[in-house]
Amino acid sequence: LFIGVMLKRRGLWLAVLITLWVSSNAQDGDKEEETTFDLLQVSNINRKTIGAKVFRGPDPAMPAYRFIRFDHIPPCKPEKLKKILKLIRQNEGFILSATLRQDRQSRGTILALEGPGISERQFEIISNGRANTLDLIYWVDGFQNVISLEDVDLADSQWKNLTVQITGENYNLYVGCDLIDSFILEEPFYEQLKAESSRLYVAKGSTRENHFRGLLQNIQLIFDTSIEDVLRKKGCQRSQSTEVNTINESTEILHLSPAVTTEYVGEKPEKAEFCDRSCEELGSMFTELTGLRIVVNNLADNLQKVSEENQIMWELIGPNKTLKNQPVCWQDGRVFADNESWIVDSCTKCICQDSKIVCNQITCPAVSCADPAFVEGECCPVCSHSDDSEEGWSPWSDWTKCSVTCGSGTQMRGRSCDVTRSACTGPHIQTRMCSFKKCDHRIRQDGGWSHWSPWSSCSVTCGVGNITRIRLCNSPIPQMGGKNCVGNGRETEKCEKVPCPVNGQWGPWSPWSACTVTCGGGIRERSRLCNSPEPQYGGKPCVGDTKQHDMCNKKDCPIDGCLSNPCFPGAECNSYPDGSWSCGACPAGYLGNGTVCEDLDECIAVSDVCFKVNQVHRCVNTNPGFHCLPCPPRYKGSQPYGVGLEVAKTEKQVCEPENPCKDKTHSCHKSAECIYLGHFSDPMYKCECRTGYAGDGRICGEDSDLDGWPNNNLVCAANATYHCVK
């Protein structure tokens, strides 16, 4: 009967636990729908995406993709990107979950945030199969930072379920349920991420060599969830106590045992077009039910333990017990009253004080022998004899420092004997136990760097790569709130190998040349050069032709009636399909019907085109055109010429009489006045010295007495052509 009652109670507890578990999962699901983003779905990547091929992955309900046209990969929706970056700042990072099968020895981008410029990137996560690393690359103030987790073994053409944690100062990688590598970030780069004019891409690298080569499935960004919960939902359970699984610098691989198959969470994508209720799905369902049974049994066992402990506590502090409202201590399943003491081991004594356990090392008295003995079960040493006398001995020296800094050690002191006074019976050295505090590796201590590891091999076999060395903050490990090591745990330097072979690539085609004919079918050609880039360092030359030919102007040539030049030279000839032709107007300077043209006499057509003297026309007609003779003597003006009536009407010759006095072309002295006599006079002007001057006008000198003679004799100019009198 008792067993039946216990089974009923156990069944009731199981039902309650299953209900709570389902309710908790439903609440978690609602939360995950708000804080978990399926990057393939929010980027509108589906079977209709150009260059995306659908395959079957480990999760039969979700499609896996291989991309072959990376220029057609769509970015994440802008409204989703803003929400994602907001959550990254609120959560001080993010957790990336993905299932992938990367091609062997390939290098590919898993996730990248591009912008605000076309070629700018804010951060990207790259699986580098050549170096066997997972690289986190981010840019701060224009400088690139690269952090690599090593020995990740992702690019081996095998399906891997990875979880990348970038939260706070942590950069951790889990593959399956194992912690592969971790790193302490020096700066929170995620605080500087910008959503404006930025684009979040899956699988698309900054260059063609960095595109992801392989299969991707279930790529998710997770927020407001601890890494333990994410791993637990993937079917991982901690196989050891919390202290054993504590992650620190000395941890190499954290093992978590799988209990159920991976449970993928997030916003539900569109239903994939696969066969429902397959054998694989049924097998997966049974496996999950088996794991669920294990989870429920563990919960029931834990609840039973808690119930037993609660029962013991109720018996101690219940209303009918004497210990109610009294301070007690609890250690190793035993209860001790206040001020009660007990021995933990032979050298440790504990006492209960106000519900707190205080333990101290037992202090041993001094011994008076050089070789004290330790009795089994006793903490303090004892001497085998006690018949010592102080006669002849000097005073004891001070005790030496304790031989240890924690735990149990020894101290010694000595004395000397005056043999002239006594034989000095007894020991000359005394030893006693000493203890400062119990040794505890979990005491607070600041971290210290280990020695640098040897430099790694170069990350590339040709060109410029990187070599890396690391050191761990484990000498000692920071504990109990101790300070972390200051500085970088990883150093990277450039390494240069032989130049990589550069295969030649064709440059753009030149424009097509002019066709060899205008009709009847001709040939045109274009060329290109192998210079984008040129083959270098043993690279392959370009494959293909340097020139390309094409037919052009294939239409039939029309019958050209103008081939016989029926029109006057200079007149336009128009040919018609029926072979007829017509001539345009005669060229300028000619009159006619276009077939026959005669010279136009502009001098007759425009009678005043040139200047006339005594009604004599000074226009000269040419074939074709005209020109005017120069202006006659004592006249000045233009000498127009041209072809046609329009030129003759607009460019008329104008000749004006010359006036040397007005034109300043006379030869009078600067102190003389030029007097114009007339156009037909000879000479046309005369020179007279002004008042106060005397001379012939061409030479003038000062005449102070106004007697008509200059003050000084004037010198005639040499070879003067005018009459000169001194």
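Two strands count as paired if DSSP finds at least two bridges between them. Helices (H or I, at least four residues) and strands (E, at least two) are DSSP runs, numbered from the N terminus.

This is a predicted model, in which local features need pLDDT of at least 70, side-chain atom pairs count only at pLDDT 80 or more, and totals for chains, interfaces and linings use all residues. Residues are numbered from 1 along each chain as its sequence is written, and side-chain values use heavy atoms, with hydrogens and water left out.

**View 1. Strands β5 and β12 run side by side in antiparallel fashion.** Four bridges join the two strands. One partnership to look for is Leu 111 with Val 202, the latter in β12.

**View 2. An open sheet is built from five strands.** Their order is β8-β7-β6-β5-β12, with antiparallel pairing. β8 (143-150) and β12 stand at the edges; each has a single partner strand, so one side of each lacks a neighbour in the sheet. From one strand to the next, the twist averages 15° (axes are lines fitted to C-alpha atoms, for helices over the stretch in contact; angles run from 0 to 180 degrees between N-to-C directions).

**View 3. Glu 114 and Arg 199 form a salt bridge.** The term means a side-chain nitrogen of Lys or Arg within 4 Å of a carboxyl oxygen of Asp or Glu. Here the N to O distance is 3.0 Å. The pair links distant parts of the chain, 85 residues apart: Glu 114 belongs to strand β5 (residues 107-114) and Arg 199 to strand β12 (residues 199-202). Glu 114 is buried, at 11% relative accessibility. Arg 199 is partly exposed, at 22%. (Buried means under 20% relative accessible area, exposed over 50%, partly exposed in between, with a 1.4 Å probe and protein chains only.)

**View 4. Asp 229 and Arg 232 meet within one helix.** Both lie in helix α4 (residues 227-233), three residues apart, about one turn of the helix. Their salt bridge has its closest N and O atoms 2.5 Å apart. Asp 229 is partly exposed at 29% relative accessibility. Arg 232 is also partly exposed, at 48%.

**View 5. Asp 663 and Lys 636 join a helix to a strand by a salt bridge.** The N to O distance is 3.3 Å. Asp 663 sits in helix α8 (residues 660-663) and Lys 636 in strand β35 (residues 635-637), so the bridge ties together parts 27 residues apart in sequence. Asp 663 is partly exposed, with a relative accessible area of 29%. Lys 636 is partly exposed too, at 38%.
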